[in-house]
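Work through the exercises below with the structure in view. Try each task before reading its solution.

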Amino acid sequence: MPFPTVSTAPPMARAQLLQALRERQFHPFLQPIVCAAGRWQGAEILMRWQHPQAGLQVPGVFIARLAEQGLLAAATRQMLQQLSMSWTGAGLALRQPFFLSFNACADQLRGDALVSQCEALLHTMQQASLRLMIEMPERGGDIAPAHCRRLFSQCEQADIAVALDDFGIGDARLHQLASGRISCLKLDRSFVAATPADSLYSRLIEKIVALAAVFNASVTAEGVETLAQWQWLRSIGVRRFQGYYFARPLAAADFLGQMVQRRLARKTCAVQRTRTSASKEGAASWRAGKR
């Protein structure tokens, strides 16, 4: 059941934010990331604040304030811990590779504990087919090139993917592309919204897709809202998509419930295909015997 949304912004003095952390009010929502065929390949973990009086708050209301108070890293850890408990409680056993991505804040990126925390999270979730992807923001996430190289090396050794989020809309930090293995460039929704009608934006996206290919990285298009956008992006080589056209962000319980339903549906389809194939083979053998 989705949390109710109320538009009233809550008070955000440091004391209120610390209380929200103590009461575990920061919750994970997940938005599916689909492949070119429309199948769920992964999801982005998005933070929501379930305030007891003001209702459900989206990140634009509170993220900057958490960052100002130096509390965003703690809220992110809390969100990931809650997801881990929900995932474990759902009893979901993955049969195919699946990835979860999340936005790491500047304090996490500049610190030394991010990769070990990701490893601990994966260990707790106990899913061999599950991978984590750290999304580095282009705005406000600048780190020194030497530290960037060290972080990327740690991620590669731990088999944790790195994505550059909001690519192209902040201060271009192109040294990140040369610092180590980049798995994904995420196209900002403002670029996607302009396509395919705006020829200049369309040409720019084509160049970003080509740049990603140079570094053996995939491209995820955020904010896909129409069939026309999806079809055009597929035609130029984008292979991952995220947006309201496919699904809105879902509370963790709802997302995991849909994952279970999709798995059961795939199993049912596989059984039906097997039965249909066996029936056709039996009919063919009967006709051959009659001849």
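Helices (H or I, at least four residues) and strands (E, at least two) are DSSP runs, numbered from the N terminus. This is a predicted model, in which local features need pLDDT of at least 70, side-chain atom pairs count only at pLDDT 80 or more, and totals for chains, interfaces and linings use all residues. Residues are numbered from 1 along each chain as its sequence is written, and side-chain values use heavy atoms, with hydrogens and water left out.

**Exercise 1.** State how many helices and strands the chain has, and what share of its residues is buried.

Solution. Step one: the chain holds 10 helices and 10 strands. Step two: of its 291 residues, 45% are buried, where buried means under 20% relative accessible area with a 1.4 Å probe, protein chains only.

**Exercise 2.** Determine how well strand β2 is covered.

Solution. β2 spans residues 40–51, and 11 of its 12 residues are buried.

**Exercise 3.** Find the strands that pair with β2 and give their directions. Two strands pair if DSSP finds at least two bridges between them.

Solution. Step one: β1 (residues 26–35) runs antiparallel to β2, with 9 bridges. Leucine 30 lies opposite isoleucine 45 of β2. The two strands form a hairpin with 4 residues between them, and glycine 38 in the turn has a positive phi of about 95°.

Step two: β4 (residues 98–103) is parallel to β2 and joined to it by 4 bridges. Here glutamate 44 has serine 101 in β4 as its bridge partner.

Step three: β3 (residues 55–57) is antiparallel to β2, through 3 bridges. Histidine 51 is partnered by glycine 55 in β3, and 3 residues separate β2 from β3 in their hairpin.

Technical notes: Buried < 20%, exposed > 50% of the residue type's maximum accessible area, 1.4 Å probe, protein only.
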